[in-house]
Amino acid sequence: MFRVLALALSVCLATSTASADIYGLSEGAPDLQSAGALAFGPDGILFVGDVTGAAVFAIRTGDQPVDATDLQIEGFTAKLAEELGVTPAEVQINDLAVNPATGNVFFSLGLGPENAREPSIVRLGADGGISPLDLSEIAFSKATLPDAPADEEVEVNGRRRNYRPDAITDLAFIDGQLLISGMTSNTSAPTSIRSVLFPFAEIDNGTNLEIFHAAHGGLEDNASIRTFVPIIIDGEPNILAGFVCTPLVRFPISEIGGGEQIEGTTVAELGNRNRPFDLISYEQDGENYLLMANSARGVMKISTEGIDREEGITEPIPDGGTGGQTYETIDSLAGTVQLDKLNDTHAVVLIDRGNGSIDLHTVPLP
């Protein structure tokens, strides 16, 4: 009934102009104003979310395959700073993504003083070598969000908040379309997910989302998706989305893009006062699992058994309680702030040691 979604990614890494034209790419310098959420698409094309510029870029990296690798880098932030000619305090790691066609790890960074970060994309090779992606002349295309939140505070339900930093919270590519989660300028129902055909077509205003938030005991349409993963349930593509504070909610991809607000099925409540960081899916011993990194509740290995049930959670779960999908906490991965699958058996993780140091490790999938 459930299986991990296999993204149809070609291992062909052709870099000719003709190949670039297939995806509507042209040579030039992308006007990235920030570099945030990352995802890989066909032929090693890297999608980069730019919340400052309210846009998504598709970039041909020219990445080449490598042999499987084992990377254990203590003080990874310091290593990045040394290679890039800045201080560790001037390195902000925003996201990581493994190119499934090559095994190389890509990072989106903000470099420089905290109030003036410059966007950068770097590649970590099998030998541990770090190389910035030269964005001065590269094949790319750009899609601009039509209804990104203004970079200002607005009042929603009696609280003031700036939604612009959450204009793009996560990306995923499936079946010729790029899915983009984030907040919109619709202050009455700002939570949204978009489906954009690739090569890039016009981006619509997205589909507004409503969820039952068990920790809060009611329906909400202003909670923020922090991370999501595409899955197949009963032969149909869905996404599982992790929201702040911490419902896990299922949405059919077929319902995204119609312009109407849709209500998801809350399949788990994973505890309040928590923020999901990252989410992957994988198969192990014939069973399927999710691995979610969180701010306050560690890394959860979540069972997918029964996740196809029609009825979700519709009753309050108070006092920080949990319900729905069962999970176990992976203590060995405490402090994980970013992760992605390296292959079918291993993941790449960034672990914050709490002393200003972020380490990078490849680890077996638990």
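The following exercises, each with a worked solution, concern the fold of a predicted model.

Residues are numbered from 1 along each chain as its sequence is written. In this predicted model, local features need pLDDT of at least 70 and side-chain atom pairs count only at pLDDT 80 or more, whereas totals for chains, interfaces and linings use all residues, and side-chain values use heavy atoms, with hydrogens and water left out.

**Exercise 1. Overall composition**

State how many helices and strands the protein chain has, and why its radius of gyration agrees with a compact globule.

Solution. Begin with the elements: the protein chain holds two helices and 31 strands. Helices (H or I, at least four residues) and strands (E, at least two) are DSSP runs, numbered from the N terminus. Next, take the extent: the C-alpha trace spans about 50 × 45 × 40 Å along its principal axes. For 366 residues, a compact globule would have a radius of gyration near 21 Å, and the 19 Å of the protein chain agrees with this. The radius is taken over C-alpha atoms, and the globule rule is 2.2 Å times the number of residues to the power 0.38. Finally, 58% of the 366 residues count as buried, where buried means under 20% relative accessible area, exposed over 50% and partly exposed in between (1.4 Å probe, protein chains only). Of the contacts with a separation of 6 or more, 55% come from residues 24 or more positions apart; a contact means heavy atoms within 4.5 Å.

**Exercise 2. Two open sheets**

Determine which strands stand at the edges of the five-stranded open sheet and of the four-stranded one.

Solution. Two strands pair if DSSP finds at least two bridges between them. The five-stranded open sheet has the order β2-β11-β5-β4-β3, with antiparallel pairing. Its edges are β2 (26-28) and β3 (38-40); each has a single partner strand, so one side of each lacks a neighbour in the sheet. The twist averages 35° from one strand to the next, with axes as lines fitted to C-alpha atoms, for helices over the stretch in contact, and angles from 0 to 180 degrees between N-to-C directions. At the β2 edge, three bridges link β2 to β11 (residues 138-144), and Gly28 stands opposite Ile138.

The four-stranded open sheet follows the order β24-β25-β26-β28, again with antiparallel pairing. Here β24 (276-284) and β28 (327-329) are the edges, each with a single partner strand, so one side of each is without a neighbour in the sheet. Neighbouring strands of this sheet are turned by 20° against each other on average, direction ignored. Three bridges join β26 (residues 299-303) to β28, where Tyr327 is the bridge partner of Ile302.

**Exercise 3. Helix α2**

Identify the buried residues of helix α2 and explain why they lie on the same side.

Solution. In α2 (residues 76-84), the buried residues are Phe76, Thr77, Leu80, Ala81 and Leu84. They cover an arc of only 140° around the axis, which puts them on the same side of α2; the arc is that of the directions from the helix axis to the C-beta atoms. An α-helix has 3.6 residues a turn, so residues three or four places apart point the same way. Just after α2, Gly85 adopts a positive phi of about 75°.

**Exercise 4. Nonpolar cores**

Name the elements that give two or more residues to the largest nonpolar core.

Solution. A nonpolar core is a set of buried Ala, Val, Leu, Ile, Met, Phe, Trp, Tyr and Cys residues joined through side-chain atoms within 4.5 Å. The largest has 23 residues, and those with the most contacts inside it include Phe47, Val56 and Phe198. The elements sought are β4 (45-50), β5 (55-60), β11, β14 (170-174) and β15 (177-183). A second, separate core of 22 residues includes Leu124, Val348, Ile358 and Leu360.
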